[in-house]
Amino acid sequence: MNAGETQRTPWIVGVSGASGTPYAAAVLRALLAAGEAVDLVVSRASRLTLLDETGISFRDAHWRDDLREWLTRGADGKPGTFDVDVSGVRYWGAGDLAAGPSSGSYRAKGMLIVPASTACVAGVALGLSKDLLQRAASVTLKERRTLVVAVRETPLNGQTLRHLVALDDAGATVVPASPAFYAGATHIQDLVDFVAGRVLDAAGVGHGLYRRWRGELGGGGPDR
């Protein structure tokens with residue numbers, strides 16, 4: 001291991017099986033654009049969602065090519081919308097419980113789960129650690145690092161609400177995937193970017209994904 005590798009401190013991004021893979025793509029693009037290192041964990045269920053929403057098969061043996069194809073697409077599915085360098089990403093298989101993020105001694109800034117399914121929320125809240133995504137989230141909580149959970153479900157039943165309260169009590173930040181419209185959205189990508197931006201706000205990562213409220217009606221300006 002070289003000296004540069006020992007100084008690498010990534011954000012762990014977990015993608016669960018909830019609908020909303022464009023949210024994950026927007027967060028990943030923004031982290032990379034901000035110069036952040038990323039450790040990526042894609043759950044088995046999320047592969048099915050990604051295939052359904054984009055037509056992309058995410059394969060362990062070809063993850064870099066598949067990730068690049070995914071991140072270059074816009075929220076409308078149009079290929080080649082974005083130019084993305086994925087060299088800052090390290091991928092860990094969801095079944096690899098010996099992976100770096102499974103240990104508290106592994107250097108990481110925190111973890112973002114986007115989108116977070118209700119099953120994922122329940123697993124993390126209960127400390128089940130059934131796969132690497134849940135284990136990494138549990139490690140993040142026990143190490144008192146930033147954990148942002150972008151839950152994507154509607155309606156929410158009492159059980160899920162109790163799980164979300166438990167995550168909040170444990171120190172996580174719950175960010176519902178709820179787009180706002182005051183930022184002047186004119187395209188589906190704008191709505192996706194708003195949610196992604198709020199996830200990054202909760203993590204303290206700078207970005208320019210949406211126009212911020214300035215305290216004046218019609219006065220929101222781009223934060224770039």
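## A tour from the central strands to an aromatic cluster

Begin by selecting Ile12 together with Met111, because in this predicted model Ile12 stands opposite Met111, a residue of strand 4. Extend the selection to the whole of strand 1 and to strand 4, residues 110–116, and you will find the two running parallel, joined by four bridges.

Stay on strand 1, residues 11–15, and colour its residues by accessibility: five of the five are buried, so the strand is largely enclosed by the rest of the structure. Both of its faces are covered, with Trp11, Val13 and Val15 buried on one side and Ile12 and Gly14 buried on the other. This division follows a general pattern, since side chains in a regular strand alternate between the two faces of the sheet.

Next, select strand 2, residues 38–42, which pairs with strand 1 in the parallel sense over five bridges. A convenient place to look at this pairing is Gly14, which has Val41 of strand 2 opposite. Tracing the chain from strand 1 to strand 2 takes you through helix 2, residues 21–33, and the β-α-β crossover made in this way is right-handed.

Now show all the strands of the sheet at once: it is an open sheet of six strands with parallel pairing, and the order to follow across it is 3-2-1-4-5-6. At the edges stand strand 3, residues 89–93, and strand 6, each with a single partner strand, so that one side of each is left without a neighbour in the sheet.

From strand 4, move on to strand 5, residues 146–151, where five bridges join the two strands in a parallel arrangement. Two residue pairs are worth selecting here: Leu112 has Val148 of strand 5 as its bridge partner, while Ala116 has Val151 of strand 5 in that role. Which part of strand 5 is buried? Five of its six residues are, and the strand is therefore largely enclosed by the rest of the structure.

Keep Val148 selected and add Thr173, because Val148 also stands opposite this residue of strand 6. Strand 5 and strand 6 pair in the parallel sense, here over two bridges. To get from strand 5 to strand 6 the chain passes through helix 7, residues 158–169, in a β-α-β crossover that is right-handed.

Leave the sheet at strand 6, residues 173–174, and follow the loop that leads from there to helix 8, residues 188–203, where you will meet Tyr182. With a relative accessible area of 44%, Tyr182 is partly exposed. Select Trp213 and Leu217 as well, and the three residues make a nonpolar surface patch of about 410 Å².

Tyr182 and Trp213 also belong to a cluster linked by ring pairs, whose other members are Phe194 and Tyr210. In the model as a whole, the count of aromatic pairs comes to six. One of them joins Phe194 and Tyr210, whose ring centres are 4.8 Å apart and whose planes are at 55° to each other, a tilted geometry. Phe194 lies in helix 8 and Tyr210 in the loop between helix 8 and strand 7, residues 211–212, so the pair ties together parts that are 16 residues apart in sequence.

As a last step, check the accessibility of these two rings' residues: Phe194 counts as buried at 6% relative accessibility, and Tyr210, with a relative accessible area of 8%, is buried too.

Technical notes: Residues are numbered from 1 along each chain as its sequence is written. This is a predicted model: local features need pLDDT of at least 70, side-chain atom pairs count only at pLDDT 80 or more; totals for chains, interfaces and linings use all residues. Side-chain values use heavy atoms; hydrogens and water are left out. Patches are made of residues with over 30% relative accessible area and no salt bridge: like charges are joined within 9 Å, nonpolar side chains (Val, Leu, Ile, Met, Phe, Trp, Tyr) within 5 Å. Accessible areas come from the Shrake-Rupley method with a 1.4 Å probe; for residues, only the protein chains shown count as cover. A salt bridge is a side-chain nitrogen of Lys or Arg within 4 Å of a carboxyl oxygen of Asp or Glu. Buried means under 20% relative accessible area, exposed over 50%, partly exposed in between (1.4 Å probe, protein chains only). Two strands pair if DSSP finds at least two bridges between them. A crossover is right-handed if, with the strands pointing away from the viewer, the path from the first strand over the helix to the second runs clockwise. Rings of Phe, Tyr and Trp (its six-membered ring) pair if their centres lie within 6.5 Å; planes under 30 degrees apart count as stacked, over 60 as edge-to-face and the rest as tilted.
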